[in-house]
Amino acid sequence: MYRIPSKIEGKQFELYKLEQELKPIGYSIGGGWDYDQGYFDFKMADDDGYQFLRVPFRPIEGALDSDGAIVELGTPFILTHVYQNDLDDYTGSGNVSASFNQFAEPKDEDADTPKKYIDFGKELVRELENILH
C-alpha cells in the first residue's frame, strides 16, 4: 500500500453527489464496503495482478445505505496485489473443492508499488483535488 497525502482528506460530501462526480471519470464503489466505511476505486492496471487508486470514506451523518448520507474522505492510497503465475498451494484438494476455489492464491497481497503507478496515482489524486475543490 502506498499512501498519497491530499487536499481532499477530511472533505465532506453527500455520498450520492460524490458518486455522480466520480463514476463518470472511472471510479466505482469498491470491495471492502460495509456500514462504517467504503472505498472509491480507480483501476489503474491489471497486469500480473492489479493496482487500484483507492479513496476511503466513512459516514459522518446517516448510514452509507441511506438517502442523504454525508461522508468524509480519507487518505488516498494505491493498492497493489500480485497474482501467482503457477498453480496455487491447494492443487490436491479435488474436483468439488476446485469448482469453488478456482482462483490462485495471491503471490503478494500487499506488494510494493512500482514507480510508474505511484506517478499515475499522484496524477489521479491531483485530478480529484481539482474536481472536488
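**Exercise 1. The chain as a whole**

Among contacts in the chain between residues at least 6 apart in sequence, what percentage join residues at least 24 apart?

Solution. Start with the ground rules. The model is predicted, so local features need pLDDT of at least 70, side-chain atom pairs count only at pLDDT 80 or more, and totals for chains, interfaces and linings use all residues. Residues are numbered from 1 along each chain as its sequence is written, and side-chain values use heavy atoms, with hydrogens and water left out.

Step 1. Contact means heavy atoms within 4.5 Å. With that cut-off, 62% of the contacts between residues at least 6 apart join residues at least 24 apart.

Step 2. List the elements. Helices (H or I, at least four residues) and strands (E, at least two) are DSSP runs, numbered from the N terminus. The chain has 3 helices and 8 strands, in the order β-β-α-β-β-β-β-β-α-β-α from the N terminus on.

Step 3. Find the buried share. Buried means under 20% relative accessible area, exposed over 50%, and partly exposed in between (1.4 Å probe, protein chains only). Of the 133 residues of the chain, 38% count as buried.

**Exercise 2. The strands around β5**

State how β5 is covered and how it is joined to β4 and β6.

Solution. Step 1. In β5, 10 of the 13 residues are buried, which leaves the strand mostly covered.

Step 2. Two strands pair if DSSP finds at least two bridges between them. β4 and β5 run antiparallel and are joined by 7 bridges. Across this pairing, K43 stands opposite F52 in β5.

Step 3. β5 and β6 also run antiparallel, with 4 bridges between them. Here E61 stands opposite I70 in β6.

**Exercise 3. The nonpolar cores**

Identify the residues that touch the most other members of the largest nonpolar core, and the elements that supply it.

Solution. Step 1. A nonpolar core is a set of buried Ala, Val, Leu, Ile, Met, Phe, Trp, Tyr and Cys residues joined through side-chain atoms within 4.5 Å. The largest one holds 24 residues, and L18, Y27, F40, L53, L73, L128 and L132 touch the most other members.

Step 2. At least two residues each come from α1 (15–22), β4 (38–45), β5 (49–61), β6 (70–73) and α3 (115–131). The most come from α3, which gives 5 residues.

Step 3. Take Y27 as an example. Leaving aside neighbours within four places in sequence, Y27 is in contact with L22, F40, D41, F42, L53, V55, L124 and L128.

Step 4. Another core, of 5 residues, lies apart from the largest one; among its members are Y39, Y50, F52 and F77.

**Exercise 4. Aromatic rings**

Classify the ring pairs F40 with F57 and Y50 with F52.

Solution. Step 1. A pair of aromatic rings is described by the distance of the centres and the angle of the planes. Rings of Phe, Tyr and Trp (its six-membered ring) pair if their centres lie within 6.5 Å; planes under 30 degrees apart count as stacked, over 60 as edge-to-face and the rest as tilted. The whole structure has 5 aromatic pairs.

Step 2. F40 and F57 have centres 5.1 Å apart and planes at 45°, so the pair is tilted. F40 belongs to strand β4 and F57 to strand β5, 17 residues apart. Both F40 and F57 are buried.

Step 3. Y50 and F52 also lie 5.1 Å centre to centre, with 70° between the planes, which is edge-to-face. Y50 is buried because its relative accessible area is 19%, and F52 counts as buried because its value is 18%.

Step 4. Ring pairs also link Y27, F42 and F120 into a cluster.

**Exercise 5. Two loop residues**

Locate T75 and D112, and describe their surroundings.

Solution. Step 1. T75 is in the loop between β6 and β7 (77–83). Beyond neighbours within four places in sequence, T75 is in contact with R3, I4, P5, E9, R54 and P56.

Step 2. T75 and G10 are 65 residues apart in sequence, and their C-alpha atoms are 8.4 Å apart in space.

Step 3. D112 is found in the loop between β8 (106–108) and α3. D112 is exposed because its relative accessible area is 71%. The C-alpha atoms of D112 and V82, 30 residues apart along the chain, are separated by 9.3 Å.
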